[in-house]
Amino acid sequence: MGWATPAAFGMAMAAPHKRVILLTGEGSHQLTVQAVGEFARFGCHPLILVLNNDGYLIERLLCDDGERYYNDVASWDYTALARAFGGKDWHCERVSTPKALRQALAAVTPGQGAYLEVIAPRYDAPMMAEAMGKKQ
């Protein structure tokens with residue numbers, strides 16, 4: 001957990017002429033969030049989508065009691081993070097419906113970084129992740 005944000009930054013540095021799209025869970029993102037500052041520092045303009053489902057979902061699915069406290073994470077104001085880390089001109093928004101997500105994506109301009117917090121239900125998971133949890 002936590003590797004996606006710095007890996008995306010590495011991709012942005014390797015291909016500065018392309019927009020990097022990062023999709024990461026909020027629990028994983030919290031482990032290496034300081035890499036957002038590196039995007040801003042080096043003038044990268046990623047599209048970051050932080051899927052906020054109120055904790056470590058994969059851990060909730062894999063352990064015998066997903067509601068154990070260690071599967072919870074601190075509640076952050078994710079929409080404030082990009083600016084706090086230097087992304088002053090980034091588009092930052094919290095969305096909770098598919099329509100709001102489409103509108104937020106449409107509002108992002110070329111050459112502008114974007115940081116979108118996507119609110120999802122606590123146990124909303126892909127079928128494969130759910131199946132992994134059931135095999136435990």
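Biologist: Is strand E4 mostly covered or mostly open, and how many of its six residues are buried?
Modeller: This is a predicted model. In it, strand E4 spans residues 114-119. The strand is mostly covered. The number of buried residues is five of six.

Biologist: In what order do the strands of the sheet run?
Modeller: The sheet is open and has four strands. Their pairing is parallel. Strands of a sheet pair through backbone hydrogen bonds, either parallel or antiparallel. The order here is E1-E2-E4-E3.

Biologist: Which strands sit at the edges?
Modeller: An edge strand pairs on one side only. Two strands fit that description, one covering 21-25 and the other 91-95. They are E1 and E3.

Biologist: By how much are neighbouring strands turned against each other on average?
Modeller: The figure is an average over neighbouring strands of this sheet. Direction is ignored in it. The value is 15°.

Biologist: How many bridges join E2 and E4?
Modeller: Take the other partner of E4 as well: E3 and E4 pair in the parallel sense over five bridges. E2 and E4 also pair in the parallel sense. Their bridges number six.

Biologist: Which residue of E4 stands opposite Leu 49?
Modeller: Look at a residue of E4 that faces partners in two pairings. Glu 93 stands opposite Leu 116. Leu 49 has its opposite number in E4 too, and that residue is Leu 116.

Biologist: What is the bridge partner of Val 95 in E4?
Modeller: Val 95 belongs to a core of nine residues, which also includes Leu 116. Its bridge partner lies in E4. That partner is Val 118.

Biologist: What angle does the direction of helix H6 make with that of E3?
Modeller: H6 covers residues 98-107 and packs on the sheet. The helix touches E2, E3 and E4. E3, H6 and E4 make a right-handed β-α-β unit. The angle between the directions of H6 and E3 is about 175°.

Biologist: Which helix gives the most to the largest nonpolar core?
Modeller: The core has 18 residues, and Val 36, Phe 39, Ile 48, Trp 90 and Tyr 115 touch the most other members. Helix H1, helix H3, strand E2 and helix H5 each supply at least two residues. With four residues, the top contributor is H1.

Biologist: Which residues of strand E2 (47-52) and of the segment 112 to 115 does Trp 90 contact?
Modeller: Set aside neighbours within four places in sequence. Trp 90 then contacts residues including Val 36, Phe 39 and Ala 82. Its contacts also include Ile 48, Gln 112, Gly 113, Ala 114 and Tyr 115.

Biologist: Is the pair of Phe 9 and Phe 39 edge-to-face or stacked?
Modeller: The two residues are 30 apart in the chain, Phe 9 in H1 and Phe 39 in H3. Phe 9 counts as buried at 15% relative accessibility, and Phe 39 is buried at 0%. Their ring centres lie 5.6 Å apart, with 85° between the planes. Planes over 60 degrees apart take the name edge-to-face.

Biologist: Which residues form the ring cluster?
Modeller: The aromatic pairs number three. Ring pairs link the cluster together. Its members are Phe 9, Phe 39 and Phe 42.

Biologist: Why is the pair of Trp 76 and Tyr 78 called tilted?
Modeller: Trp 76 is partly exposed at 28% relative accessible area, whereas Tyr 78 is buried at 1%. Their ring centres are 5.7 Å apart. The planes stand at 40°, so the pair is tilted.

Biologist: Is His 91 buried or exposed?
Modeller: His 91 is found in strand E3. Beyond residues up to four places away, it touches Ala 104, Ala 107, Val 108 and Leu 116, among others. Its relative accessible area is 17%. The cut-off is under 20%, so His 91 is buried.

Biologist: What distance separates the C-alpha atoms of Asp 65 and Met 13?
Modeller: Asp 65 is found in the loop between H4 and H5. Asp 65 is partly exposed, with a relative accessible area of 35%. Met 13 is 52 residues away along the chain. The separation of the C-alpha atoms is 40 Å.

Definitions and conventions: Residues are numbered from 1 along each chain as its sequence is written. This is a predicted model: local features need pLDDT of at least 70, side-chain atom pairs count only at pLDDT 80 or more; totals for chains, interfaces and linings use all residues. Side-chain values use heavy atoms; hydrogens and water are left out. A nonpolar core is a set of buried Ala, Val, Leu, Ile, Met, Phe, Trp, Tyr and Cys residues joined through side-chain atoms within 4.5 Å. Buried means under 20% relative accessible area, exposed over 50%, partly exposed in between (1.4 Å probe, protein chains only). Contact means heavy atoms within 4.5 Å. Two strands pair if DSSP finds at least two bridges between them. Axes are lines fitted to C-alpha atoms, for helices over the stretch in contact, and angles run from 0 to 180 degrees between N-to-C directions. A crossover is right-handed if, with the strands pointing away from the viewer, the path from the first strand over the helix to the second runs clockwise. Rings of Phe, Tyr and Trp (its six-membered ring) pair if their centres lie within 6.5 Å; planes under 30 degrees apart count as stacked, over 60 as edge-to-face and the rest as tilted.
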